[in-house]
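Below are some notes on the model, set out as numbered points. They deal with a pocket, a strand pair and the enclosed cavities.

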Amino acid sequence: MEPESVPESGTSGIGRRRFLGYVLAAPTLLTAAQLGPAPGAVAGIPSPEVTELVDLNDVMTAAALPTSNLITVEVGRDGTVSFALPRAEVGQGITTSTAMLIAEEMDVPLDRVRVTLADARPELVFNQLTGASNTTVSTYTPIRVAAAVARGRLLRAAAVELGAAVGDLTLKGGVITGGAGGNCVGIGALSEKAASSEPQRVSVELKERREFTVIGTPQNRVDALAAVTGRKKFAMDLDVPGARPTMVCRPPTINGKVRSVANLGEVRALPGVTDVVAVSTGVAVRAETFGQCIDAVRALRVSWKPGSAEGKSDETVLRELRAAELPLGLPPVTPSVEATFTFHFRSNSALEPNCAIADVRSDRAEIWSGLKAPIVAKQAIAARLGLPQSAVTVHVTEGGGSFGRKLFFDAALEAAEISKEFGKPVKLMWHRADDARQGRTHPMAISRVRAAYLGKTVLSYRQRHTSIATDLGHGLGEVFTALAAKLPVGDIGFSETFFQLSQSMPYDFGVNSRLLSETDKGFNTGSMRNVYSPDVTCARELVVDRLAAKMGKDPFAFRRDLLRDDRARAALDKAAEVGKWGRAMPDGTAQGIALHSEYHSVNAVLVEIDCRPETVDRPIRDGVTGPRVTKAVIAVDVGLAVNPRGLEAQMMGCLMDGIALTLTSSLHLRDGHFLEASWDNYFYTRQWNTPPELEIIVMPTTTGKPGGAGELGVAASMAAVACAYGRATGTMPTRFPINHGTLSFEPKPTVPPIPQSPSDGRNHAR
């Protein structure tokens, strides 16, 4: 959405580059943006597609605009430019892209920009929620405006200092040069002179795209050196006085509760153990080392109450889903393609285990954790502790991965509760097995599709997606509530609103509809990367392949002919061209191609897969073999790519997610518990699953602003792999991951199938 601009001087029209900003009262230069809702923000050309009127990213951007003036850029006396980013850096590279925006507008070196993460700031409301690939979209203009205001103030201060007109000055590399003698002055020396003792409203003009020297150029991550040398600080790296390692003995079934503990005294006496207490999620143990915590957790003898998924298994959940499915309507009188696809539970565990530090006192609390919804976390923690929000400080640390997992603050809330019980600071870490078994999962779902056709025309497309309920209690639901009157989706619930605002139909398929039905809130679910899109898109693209076959058309040509958007067609063409679509391949191997559009961006993926017996049955120690993706080509158009190198890295990660979701990674539910416990038996994409050939093409675009990127490629990658598998085997896959049913889980002989504390995580796949 376009922020509100002000008329160019002497005209009555609306300028495209002039914006209002503020110089704030501060000892050194501090500036912010003044932005409001875009005129006609939720209006548009009438279209049968809701997402062409307004999509999820538009809604989140509109919700963030009213507090954009609270996001500030500060120039320090040392010549550095500081910015506290109100979003969470969890590996997606937004600290780098944010630094690039500031460096561009201020003409300062990229390495002189310092981007940190802001503490929870309730006054930011919806401007401190990281999700749906929205960060760059919604902060692109506010950050640039604040930086441009700072640049203008520095130039005016330099004009006084150097005795020159502002128009005769040049700012480059953080140094302002000009005047009769060609004198120069650094921006650090001007930071106090450019500051203001009271807020001032000013007008600024942003650079045109043709003037960019930083935005749109490939840049290494600003935190790359710190990451590879181990100097980057995550929650567990912080040294908070008195915070000792803490872990929790968790129930054997999902959300079980402690009934009694038989040996509290015995465990308290173990070496290094300082505290043991029952809490709402299990039995917490605090010790001098994490190793001592693990020993104590394993030694506990706990009697557990039933959990929220007691007795449930994959089969019983599937029956629930089928019972909750919405009807497709009467069968068509014309030929049709109909299929039902099953998607199993998948773990949303990030590479960094859940962790948080909490120091709770009688009158205050301080929390450190990687949080994507820190305001909601602050509110929940204050309520749990019985403290006013003003007494709770929540620090946002960088996170080692998320993809939606860190929208939930489970560890931070738990750490606060435990610290209050102990009366001491704690450094809480979940065991890897804890998150697989008790953490957030992508919900199990079925997707039923029916497409009617006649001749070479698709007359209608209906999709009914039925899912275990997705928890949206991390802040997105509140966004929908706040903007409900402006959304063209009617009076529907949070999940259905999310669904309708994120799903689209890129093909000219006549009358089409997509509806969501959710059931069973007994599972801990989350907004895993792309939320509904991978499953919904995978089902759709497989049906597209089947329609093409029924009509005797090539899958690529069929898609191309029916695409409604030129950007999508260009991306599809590029993927097919670079991937040499249609080349001759041996039996048992095949190409697959798929497309996904979301968040004003499009992505086409072509893959080649090898399903020959010698590949499927190859021996891999402690691993899952099966088909292998041997080549992938990704063509992506996100509008203006602020950092193309960062975008390439994101798309590579999307492909790995897509391969895993299609072929190997899922959770097996049995008797109310998940069998997988760690990366040894949760089979995410391994090195032997990755394609030896990978090419990523960032499409040139005329779109002047960025679109969403971080979540975009998972759906297209999953769908392309599924379509390739179908063509290689001659059978359309209908269950994902494809080898879910071929995995069997057998405990090691000395370990019971479900240990008293699942934290020992020693169930293994055979």
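1. Which residues lie nearest the centre of the second largest pocket? They are T51, R567, Y599, H600 and S601, out of 27 that line the pocket. A pocket is an open set of points on a 1 Å grid over the protein atoms alone, with protein on both sides within 12 Å along at least five of seven lines; lining residues have an atom within 4 Å of a point.

2. The model is predicted: local features need pLDDT of at least 70, side-chain atom pairs count only at pLDDT 80 or more, and totals for chains, interfaces and linings use all residues. Residues are numbered from 1 along each chain as its sequence is written, and side-chain values use heavy atoms, with hydrogens and water left out.

3. The volume of the second largest pocket (the space filled by probe spheres set on the points, which are joined across faces, edges and corners) is about 640 Å³. At least two lining residues each come from helix 1, helix 14, helix 17, strand 25 and strand 26. Helices (H or I, at least four residues) and strands (E, at least two) are DSSP runs, numbered from the N terminus.

4. Strand 12 (residues 273-279) is largely enclosed by the rest of the structure, because five of its seven residues are buried (under 20% relative accessible area, 1.4 Å probe, protein chains only). A hairpin of two residues leads from strand 12 to strand 13. The two strands pair (at least two DSSP bridges) in the antiparallel sense over six bridges, with V276 opposite V285.

5. There are eight cavities of 30 Å³ or more, a cavity being a set of points where a 1.4 Å probe fits but cannot get out. The largest cavity, about 110 Å³ in volume, has 17 lining residues, among them N354 and K406.

Technical notes
Buried < 20%, exposed > 50% of the residue type's maximum accessible area, 1.4 Å probe, protein only.
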